[in-house]
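This report describes helix packing, an annotated segment and strand pairing in the structure shown below.

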Amino acid sequence: MASKFATSTNKSSDIFHDFACSICEDNDIRTEGQFNCGECSKSYCGECVVFHNGMFRRHALLGRINVDKWVGQRETLARCDLHPEEIIKMECQKHSKLCCHLCAILNHRKDDCSISLVQDLARDIHKMAVLKQLPANVSKLTAMLKQVIEDRKRSKNSLEVSRKSILTKIKALRNRLNQLLNELEENTVEQMDSVLTNLDGSLQKDIDSCTHMYDQLKVFMDKIQESGMDNKPNSYIGLRKCEDKIKEAKSLLQDMLPKPETKVSFKADTQAELVLSELKTLGTIQNVSEVLAG
């Protein structure tokens with residue numbers, strides 16, 4: 001935490017550091033300590049540590065990486081939370097708040113506030129049952145907190161496992177839906193091909209009938225014209241047969257001409273699209289613990 005604060009050597013500055021340089025502090029300079037000497041029980045900034053090393057070459061120093069092992073540092077337990085540069089010396093009995101002299105002036109000046117000195121309140125602290133019970137209570141709570149931490153870590157791991165499992169189910173559902181859509185598409189195409197085949201066969205039948213009638217009429221006309229004026233019996237026979245074919249052709253046309261042009265179209269079944277469009281998700285993700293609690 002302390003390593004995040006910038007170093008300051010401004011004498012007029014009110015910057016407060018968690019671990020101040022002992023030498024600078026003695027000279028009323030606010031400088032953050034970067035090293036700690038256990039034998040000297042003091043902290044040093046980058047400049048003052050040079051003088052320390054010159055005088056005490058055999059002393060082992062601890063850097064910021066081992067800040068939890070520093071000794072001889074400024075008392076942090078008694079430091080005011082609202083005014084870190086001040087030491088807690090009082091307590092407001094009404095609000096049950098520890099306070100420094102600034103807190104007492106700013107926040108606890110009302111007539112009904114009862115201010116007591118910590119020194120007086122702490123006179124018989126070691127006889128108080130609450131202090132004797134404190135280690136057991138804290139130990140119990142820290143054990144419970146540690147258990148909750150472990151439980152939450154297991155839950156986090158379980159959530160990741162659940163995520164992978166649910167993702168697999170989602171993809172499986174998507175594959176089934178894709179398969180159903182593919183089957184619907186195949187059935188629709190099959191239906192289309194069946195309708196088109198029937199219509200195509202009917203059209204081809206008409207084409208064949210008209211083509212056959214066309215060819216027969218043309219043959220008769222060619223034969224009649226070939227007979228000419230010299231073979232009157234053949235011309236008469238050809239005339240009579242041609243007249244019969246003309247009747248057949250007219251009858252055939254009478255059946256075919258009223259028929260409209262054959263067309264097909266596709267009318268989509270909107271039910272499937274409507275159902276899918278109304279869905280927001282493929283399913284519901286439930287908090288099982290909440291469901292069980294409910």
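## Packing of α5 and α6

Helix α5 (residues 129-227) and helix α6 (residues 232-256) pack at about 160°, and their axes are 9 Å apart. Axes are lines fitted to C-alpha atoms, for helices over the stretch in contact, with angles from 0 to 180 degrees between N-to-C directions. Helices (H or I, at least four residues) and strands (E, at least two) are DSSP runs numbered from the N terminus. The two helices α5 and α6 are therefore roughly antiparallel, a term for angles over 145 degrees. The crossing of α5 past α6 is left-handed, that is, the near helix is turned anticlockwise from the far one by less than a right angle.

On the α5 side, the contact (heavy atoms within 4.5 Å) includes M213, L217, F220 and I224; on the α6 side, L239, I246, A249 and L252 are among the residues met. The contact of α5 with α6 divides into 12 nonpolar, six polar and four charged residues. In this scheme Ala, Val, Leu, Ile, Met, Phe, Trp, Tyr, Cys and Pro are nonpolar, Asp, Glu, Lys and Arg are charged, and the others, Gly among them, are polar.

## Model and annotated segment

The model is predicted, with local features requiring pLDDT of at least 70 and side-chain atom pairs pLDDT 80 or more, while totals for chains, interfaces and linings use all residues. Residues are numbered from 1 along each chain as its sequence is written, and side-chain values use heavy atoms, leaving out hydrogens and water.

An unreviewed UniProt entry lists residues 163-194 as "coiled-coil region"; such annotations may be inferred rather than shown by experiment. In the model, residues 163-194 are 100% helix and 0% strand, and the end C-alpha atoms of this span lie 46 Å apart.

## Two open sheets

One open sheet has three strands in the order β2-β1-β3, with antiparallel pairing; strands pair if DSSP finds at least two bridges between them. Its edge strands are β2 (42-44) and β3 (61-62). Strand β1 (residues 35-37) is joined to β3 by two bridges, and C37 stands opposite L61 in β3.

Another open sheet of three strands follows the order β5-β4-β6, also with antiparallel pairing. Strands β5 (97-99) and β6 (115-117) each have a single partner strand, so one side of each lacks a neighbour in the sheet. The twist averages 30° from one strand to the next. Strand β4 (residues 90-92) pairs with β6 over three bridges, with M90 opposite L117 in β6.

Technical notes. Parallel < 35°, antiparallel > 145°, perpendicular 65-115°, else oblique.
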